[in-house]
Amino acid sequence: MISVKNLKKIYTTEEVETTALNNINLEISEGEFVAVMGPSGCGKSTLLNLLGLLDNPTEGEYFIFDEEVSKYSERKRANIRKGTIGFVFQSFNLIDELTVFENIELPLLYLGIPKSERKKRVDEVLEKTQITARKKHFPQQLSGGQQQRVAVARAVIANPKVILADEPTGNLDSKHGDEVMQLLSSLNEAGTTIVMVTHSPTYAEYGNRTVHLFDGHVVTENIKEQFHV
Amino acid sequence: MFRNFLIISFRNLTRNKTYSLINIAGLAIGMACCLMIMLWVQNEYSYDRFHENADRIYRLCIDGKVSGRIVQAPISNSPAGPAMVNDFPEVINTVRTNNMPTIPVKYQDRVFFEENIIYADNSIFDVFTFPLISKSEESPLARPYTIVITENTAKRYFGDENPLGKTMRLNNELDYTVTGIVENPPTNSLFDFEMLCSFETRYAENRELLEEWINFSYFTYLLLDENADYKKLEAKFPSFIEDHMGERLAAFGIGLDYFLQPLTSVHLFSSLEFEESENIGNITYVYLFSGIALFVLLIACFNFINLTTARAAARAKEVGLRKTLGARKSKLISQFLVESIIYSVFSMLLALLILEIALPVLNSIAGSELSLTSVNIPSFLLTMLIISIGVGILAGSYPAFFLSAFSPVRVLKGNLRAGGSRSKLRSVLVIGQFIISITLIAGTFFIYKQINYMKNKKLGFDKEQLLVMRELGESLQQSPDLIRDKLSRIPGVEKIALGSVSLGSGTSASVFVPEGYAEDQGILMNHIYADYNYIPTLGIEIAQGRNFSSDIKSDVSDAAIINETAVKLLGWENPIGKTFKIPDPGADNSEWETRKIVGVVKDFHIEPLNREIGPVFFINANEELSLAFLRLSTVDISGTVDQLKSKWGEITPDQPMNFFFVDDEFDKMYRAEERMGKLAFYFSILAIFIGCMGLFGISSYAAEQRTKEIGIRKVLGATVPNILRLLSREVMVLIAVSFVIAWPIAYYALNRWLQNFAYRINLDFSIFIFAGLIALAIAMLTISFQSIRAALANPVKSLKYE
């Protein structure tokens, strides 16, 4: 479902040109759980941003459901993104002024889903991620693990085909990290494709494939097992 | 420590250039406005205070009841002043004046029309402070036919010659000897004169008239003793009146009382009929503009508070550190106050520059002659210092307390929820700014609408292309046919008429006794002497009956026409054929002339629209017609005027043609309102500009503060329009609230202003809405730059380094 060919991303600041990604070729099938690993600055997050249509590549092709999207405008990208891709960030990125419920509801608002339907779906997801009791709280009133569970809930609320997670456990202790990984794992088992950037080999084990990046290149791909259907 | 404050302040000032610029420029504009208005107000209050005796001079006014009409006027009779000096020990001296109409004045080959000639007693130099530069006699205005001229006038007529002893000819008939040269009167003076003729001249011309007690045509000023209480003096007036003219007043059926106006309050507080000085101000405008000045300054202070608190996060770390290092809260407060005073002082310097540039503009709009050179330097500097420090403290104290209250632990942990976009105070201040702006915008609209309404309202006659020649002179007035014949042959002249009164430039009233009434039951009514062409030439419509006719010879001696208001007032169903009596103008007071009404004209405006149409009657006459009315064709008006001038030169070679157009004259009457409109316009622009500068500053910080939120929303699928809507919604709500509050305020204020006009517009709601929409549009435009930038920003950047 995701296919990138010769993907290249160059960041240009006033003085320096930095090649963040170079000649990336990657195929991700529906239902896969892919872990992306590599040292700091190797381009993991850049890759995730490109895959998440938050940014356009400098060169190369990007097919998502056989649609070439690498040259799409901001608006078109936003449209694809809305229903197809969910995001989970290391720093949770919840909106401080909104409650747990409202944070999770947000993607549905942008999809124009009616209020009653929104409430039903948010309640379901709250249930699934076990934070129902906290739905009226504001993000600062939650622990890190709880916040990340809210972020995951928000990522899945629109039933995206793929979840892109950028070090979802990076700011969490191991207990909370495990919780979040279990949650992602169970989502994957339910059929959601997941691409996760991580530093932790342990958590990379949750995936059925690990992609190693170094200096903007894919160096190795370890396929643990054929993904289950 | 203080040095450290200064260093930090200057570094902050230079580091955040946009912010500093907005703060300083905003405050500077506010201060410049304030200073300008202060100069103007000071000038208004300075009127007539330059006289050494200013506090002891009073103007004698009458409060009379004549023929059912109550008249309060600054006029008096000529014997009263000297009699008061005689009767009351506290009245030390008196000056009588009498304004001359515009007349030609000639010295050798130099002729000018002089508008500002005043007859005055010689005591004008003792009571008032009009210093004589030179004089040829001890009391230059003591004898008849002597004249004292101002320096400027002397230069105009005499150049380098010595005017003393020279003879000037006034109105082509009387020779006056120049006996003195007086300094030009200052602009902030009730009196505005070019020449002073001796009041004695009037005695020489008609002693009987001057000694007449029942003739209120003069201005009288009294100089009181230092310890005198003018209220006590006023209490003595009734018996004074009884003694000197009780019987006569009773015979005429006139009720009369005198009262006194302190000279220093005439300019701002007098609003009497028959006021002849053009230098009469209005205290309402003083209050109004002082209020506006204060508001504009407040808006600027609000900006300062808003921007400073919005930037709190940036300073939080510094506060935290200083506290950790042992700074007490009071130290921090004084630090921030010093900083805001520094901003304020910078702003004041800039304000002075703005003032210097803007003063000429203000002067041209307001018709004033304000300048920085005329101010008292030490007190001006002191005022500026007080304003700077006052504004610094006013604008700086809230931020100072706000910033210094940060808890160091939270701040240093980076846990401070920065004063984002939701601060209540900030919203209140923005609302305050927009209330002021919307009120001013609405005010500007309505003032212009009223002026437009007055200019375009049907006046009941046609004021376009109507030229009036004045000062026809004795000889021409006696041969009206000569004017008619000569001037009507000029191609551009369509119609020509002669009359005594030009619409729009003053009226003249007379007692009118309707048939069946006794002579002491007359009504005071405006009257116009007119020839048979007057009504058609001016375009006044006949409602009933007929116009005067040149074919009916008896019209000149017994016909009259009245207007509809007069008909209504008299309650006549069939006015045609009714008769009335008026005092015979050619004879003594006791003789009456009877006139028969031959026609009724539709109502028309003799006076500007702030006065209601009153009753008027026309008398057909061939004398007393001092004005010629010429209806010109629209083609080549200036060519026609040139021809008129040359024809005039043939008829009266020694006197230039003096003329005006009626529409100009009417437009002039609305000059005060127009000035008001222009000032309101400029001040609303300024208020909005300052308000928008603040809004711009706030929106940039709000956008900065919300970058993360915007990023998240975009990642979750929000489009650019979604984000724009999110960022604008808040401003829209604030403006809606401002509108709701501004509307009643503006409504109340404008309604009060409109009470000045007898004919006025409605305060329709749509214009208020329009004003609100303009404010909204401007505000949106202001924040759009920041919002669009924020909305377009790549979310990756804002989320990357969290």
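Q: Buried means under 20% relative accessible area, exposed over 50%, and partly exposed in between. In this predicted model, is A:Arg118 buried or exposed?
A: The relative accessible area of A:Arg118 is 13%. The cut-off for the lowest class is under 20%, so with 13% A:Arg118 is buried.

Q: Which residue meets the side chain of A:Arg118 in a salt bridge?
A: Side chains of opposite charge can pair when their charged atoms come close. For A:Arg118, the N to O distance in the salt bridge is 2.8 Å. The pair links distant parts of the chain, 13 residues apart, with A:Arg118 in helix α4 (residues 115–129) of chain A and its partner in helix α3 (residues 100–110) of chain A. The partner is A:Glu105.

Q: Is A:Glu105 buried or exposed?
A: A:Glu105 lies in helix α3 of chain A. Its relative accessibility is 11%, and the limit for the lowest class is under 20%. A:Glu105 therefore counts as buried.

Q: How do the axes of α3(A) and α4(A) lie, oblique or roughly parallel?
A: The two helices pack at an angle of about 125°, with their axes 10 Å apart. That angle makes α3(A) and α4(A) oblique.

Q: What is the hand of the crossing in which α3(A) passes α4(A)?
A: These helices, with axes 10 Å apart, also hold the two ends of the salt bridge between A:Glu105 and A:Arg118. The crossing of α3(A) past α4(A) is right-handed.

Q: How many salt bridges does the structure hold over all chains?
A: A salt bridge here needs a side-chain nitrogen of Lys or Arg within 4 Å of a carboxyl oxygen of Asp or Glu. The pair A:Glu105 and A:Arg118, at 2.8 Å, is one of them. Over all chains the count is 31.

Q: How far apart are the closest N and O atoms of B:Arg207 and B:Glu211?
A: Both residues lie in helix α7 (residues 207–211) of chain B, four residues apart, about one turn of the helix. B:Arg207 is partly exposed at 44% relative accessibility, and B:Glu211 is partly exposed at 43%. Their side chains form a salt bridge, and the closest N and O atoms are separated by 3.3 Å.

Q: By about how much of the helix are B:Glu650 and B:Lys647 separated?
A: The side chains of B:Glu650 and B:Lys647 meet in a salt bridge with an N to O distance of 3.7 Å. B:Glu650 counts as exposed because its relative accessibility is 53%. Being three residues apart in helix α22 (residues 637–651) of chain B, the two are separated by about one helical turn.

Q: Which patch-forming residue of helix α14 (residues 377–404) of chain B counts as partly exposed at 35% relative accessibility?
A: A nonpolar patch on the surface is formed by B:Leu382, B:Leu385, B:Ile386, B:Ile389 and B:Ile393, with about 460 Å² of accessible area together. One of these residues, found in helix α14, is B:Ile389. The residue that counts as partly exposed at 35% is B:Ile389.

Q: At roughly what angle do the axes of helix α16 (residues 424–456) and helix α27 (residues 765–792) of chain B cross?
A: The axes of the two helices come within 9 Å. α16(B) passes α27(B) in a right-handed crossing. The axes cross at roughly 130°, and this makes α16(B) oblique to α27(B). The angle asked for is roughly 130°.

Q: How far apart in space are B:Phe666 and B:Lys455, C-alpha to C-alpha?
A: B:Phe666 is found in helix α23 (residues 662–669) of chain B, and at 1% relative accessibility B:Phe666 counts as buried. In sequence, B:Phe666 and B:Lys455 are 211 residues apart. In space, C-alpha to C-alpha, the distance is 7.7 Å.

Q: Which residue lies 9.6 Å from B:Asp229, C-alpha to C-alpha?
A: B:Asp229 sits in the loop between β13 (216–224) and α8 (230–235) of chain B. With a relative accessible area of 35%, B:Asp229 is partly exposed. Its partner in this pair, 173 residues apart in sequence, is B:Arg56.

Q: What is the approximate phi of A:Asn6?
A: A:Asn6 is placed in strand β1 (residues 2–12) of chain A and counts as partly exposed at 43% relative accessibility. Its phi is positive in a residue other than glycine, with a value near 50°.

Q: Where does B:Gln465 lie?
A: B:Gln465 has a positive phi of about 50° although it is not a glycine. At 23% relative accessibility, B:Gln465 counts as partly exposed. Its place is in the loop between α16 and β15 (466–470) of chain B.

Note on methods. Residues numbered from 1 in each chain as written. Chains lettered and ligands numbered in written order. Predicted model: local features only at pLDDT ≥ 70, side-chain atom pairs only at ≥ 80, totals over all residues. Heavy atoms only, no water. Patch = residues over 30% accessible without salt bridge, like charges linked within 9 Å, V, L, I, M, F, W, Y side chains within 5 Å. Areas by Shrake-Rupley, 256 points an atom, 1.4 Å probe, with all protein chains shown as cover. Buried < 20%, exposed > 50% of the residue type's maximum accessible area, 1.4 Å probe, protein only. Axes fitted to C-alpha atoms, helices over the stretch in contact; angles between N-to-C directions. Parallel < 35°, antiparallel > 145°, perpendicular 65-115°, else oblique. Left-handed = near helix turned anticlockwise from the far one by under 90°.
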